[in-house]
Amino acid sequence: MAPSNSVKILELRQVAPACSSTDQSNTEFTLPLTFMDVLWLKFPPAESIFFYELTESSPTVFISSILPKLITSLSRALVNFLPLAGNLIWPQDSPKPLILYTPNDAVSLTIAESSADFGRLSSNEIREAIELHPYTPELCISDTRASVLALQITLFPNKGFCISFVTHHAALDGKTTAMFIKAWAHICKHLEPAKIDQPPLLPADLIPSFDRSVIKDVAGLETEHLNYWLVMNEVFLKSNPRSLKVLPNIGGPDPSDLVRATFELSREDIKFLRKKVQSQFDRILKEDRDETKQLHLSTFVLTCAYTLASMMKARVGDGVKKVFFLFSVDLRSRSLDPPIPNTYFGNCIASQHVVAEARIFTEENGLAMIAEKFSEIIKGMESRGVFEGARERLAELASLEPGTQCLGVAGSTRFDFYRSDFGWGEPEKVEIASIDRTNSVSLIESRDGMTGGVEIGLALKRHEMETFASLFVNGLKDY
């Protein structure tokens, strides 16, 4: 494990959106939360770290060249993403929180230097989960105000640097975060030193839409979500019902008791799993004398089913009776009325979950049984709609019985995180660091985006991780 003093804070600064007489950054901007935002009001911040390998990154080059360009382009990018420089507040005369940006607001940026092993931190190998904590800044959150974004840029002399993004989940989802990262990267990569006052224009797919009128709460979920958190604050957290403080962790062990590692499924592995699951499912259908059922075996379904099955087998004997697995569905790509633009800023995701008895994971055809559950949920969304049963799902989540293991998914293989080039090449590694606080599994597209593979990030107890690693590798060898 890297020593805790391996990271030295060089500077704390505030970066405001670039300002000119015609910029909208000169005026106040208010953005109300929607029912999809409110759902995530108390969740721990989302944390991601992008590692960039660059041997020509001496402290002198970093301070004189790399850092100024990153900061200048950040200021320019924020002009299009003003809510990120603002704060989440809950006015007394408002029924729900909102994001407020004023011309004096700015994003907190931490500049640091690390003597830790860059190669180790940016690798897939098993290491202590808390080794990444010094590279993610704190998001400033109090009872009455919460920052939306905090950043940290850390230099590894002559090795590279990393950029960390910490975001308030009630303000934006992963898709919006990815859009901002790419917008910042685009401006940074194409910014010409001689034309600082003429930054490159963003392509249309990187300009956010703040139109809240496209979000329709057809199921009346906003009140349900708000009441859930009001009760959570008052009864369980013993705080002001309108407090904006978030939960430090959601389920699972303390991060200090966990290790993290990354596992990969190649396109060939996905094909193998599809055949393996279908073979098991055919046996189930034959036993049930029902050969009419068909599975939706997407990369997402196969990855989640296989990862979950391996995890639960690694946890046999720990008292888990039931597994509750949460995942989100992006609504921007769906045929809704009115349609939601792909550049919509905020949370535009519907939560779904798979529930399974723990014993299923150890059965002979357990992988196919889990895949079938995912398949049925996804096919059901197409026929019934994404919000049908949402109230019941929330009630079920709020009343989990003892012995239930609650897990979630962070990230997506559709974010194209590895295409985030600030001008010094694409990331060597992307980590969703917050999975050790949210009891989640992270999914990201493989670094080589042409392969169709998936990177799976886990945070488990060491003995569980070692068992999982063995199960994961051996399960890809035969049916």
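How many bridges join strand β14 to β16, and in which sense do the two run? In this predicted model, five bridges join β14, which spans residues 404-412, to β16, and the two strands run parallel.

## The seven-stranded sheet

Strands β14 and β16 belong to an open sheet of seven strands, whose order is β7-β11-β17-β16-β14-β12-β13 and whose pairing is mixed. The edges are taken by β7 (127-128) and β13 (349-357), each of which has a single partner strand, so that one side of each is left without a neighbour in the sheet. At the β7 edge, the pairing with β11 (residues 259-265) is antiparallel and rests on two bridges, and within this pairing E128 stands opposite V259 of β11. Helix α11, formed by residues 462-474, packs on the sheet and touches β7, β11 and β17 (454-460), and its direction makes about 10 degrees with that of β11.

Strand β16, made of residues 440-445, is mostly covered, since six of its six residues are buried. From this strand S440, S442 and I444 point one way, whereas V441, L443 and E445 point the other way, and all of these residues are buried. Towards β14, the residue that stands opposite I444 is S412. Towards β17, β16 is joined by four bridges in an antiparallel arrangement, and there the bridge partner of E445 is V454.

## K42, a buried lysine without a salt bridge

Where along the chain does K42 lie? The residue is placed in the loop between α1 (35-38) and β3 (46-53). K42 is buried and yet has no salt bridge, the nearest side chain of opposite charge being that of D143, at 6.7 Å. A salt bridge is counted here only within 4 Å, and the 6.7 Å to D143 therefore does not qualify. The side chain of K42 does make a polar contact, at 2.7 Å, with the side chain of N233, and a polar atom of the K42 side chain lies 2.3 Å from the backbone oxygen of K245. Leaving aside residues up to four places away in sequence, K42 touches W229, N233, L237, S243, L244, K245, V246 and L247, a list that includes both N233 and K245.

## Salt bridges

Side chains of opposite charge can pair when their charged atoms come close. In this model the count comes to 21 salt bridges, and three of them are set out below.

| Salt bridge | N to O distance |
|---|---|
| R13 and E11 | 3.0 Å |
| R212 and D37 | 3.5 Å |
| D330 and R332 | 2.9 Å |

In the bridge between R13 and E11, R13 is partly exposed, with a relative accessible area of 30%, and E11 likewise counts as partly exposed, at 31% relative accessibility. The bridge between R212 and D37 links distant parts of the chain, with R212 in the loop between α4 (174-190) and α5 (221-236) and D37 in helix α1, 175 residues apart. R212 counts as buried at 13% relative accessibility, and D37 is buried as well, with a relative accessible area of 0%. In the bridge between D330 and R332, D330 is partly exposed, with a relative accessible area of 23%, while R332 is buried, at 5%. Beyond these pairs, salt bridges that share partners join R127, R260, K429, E431 and D436 into one network.

## Two further positions: R315 and D288

Is R315 buried or exposed? R315 is buried, with a relative accessible area of 8%, and its place is in the loop between α7 (299-314) and β12 (322-330). Not counting residues up to four places away in sequence, R315 touches Q405, L407, L460 and E464.

D288, by contrast, is exposed, with a relative accessible area of 52%, and it lies in helix α6, which is formed by residues 267-288. D288 and V148 are separated by 140 residues in sequence and by 52 Å in space, taken from C-alpha to C-alpha.

Methods: Residues are numbered from 1 along each chain as its sequence is written. This is a predicted model: local features need pLDDT of at least 70, side-chain atom pairs count only at pLDDT 80 or more; totals for chains, interfaces and linings use all residues. Side-chain values use heavy atoms; hydrogens and water are left out. Buried means under 20% relative accessible area, exposed over 50%, partly exposed in between (1.4 Å probe, protein chains only). Lys and Arg count as positive and Asp and Glu as negative; His and the chain ends are not counted. A polar contact is a pair of N or O atoms within 3.5 Å; within protein, one must be able to donate a hydrogen and the other to accept it, and residues adjacent in sequence count only if both atoms are side-chain atoms. Contact means heavy atoms within 4.5 Å. Two strands pair if DSSP finds at least two bridges between them. Axes are lines fitted to C-alpha atoms, for helices over the stretch in contact, and angles run from 0 to 180 degrees between N-to-C directions.
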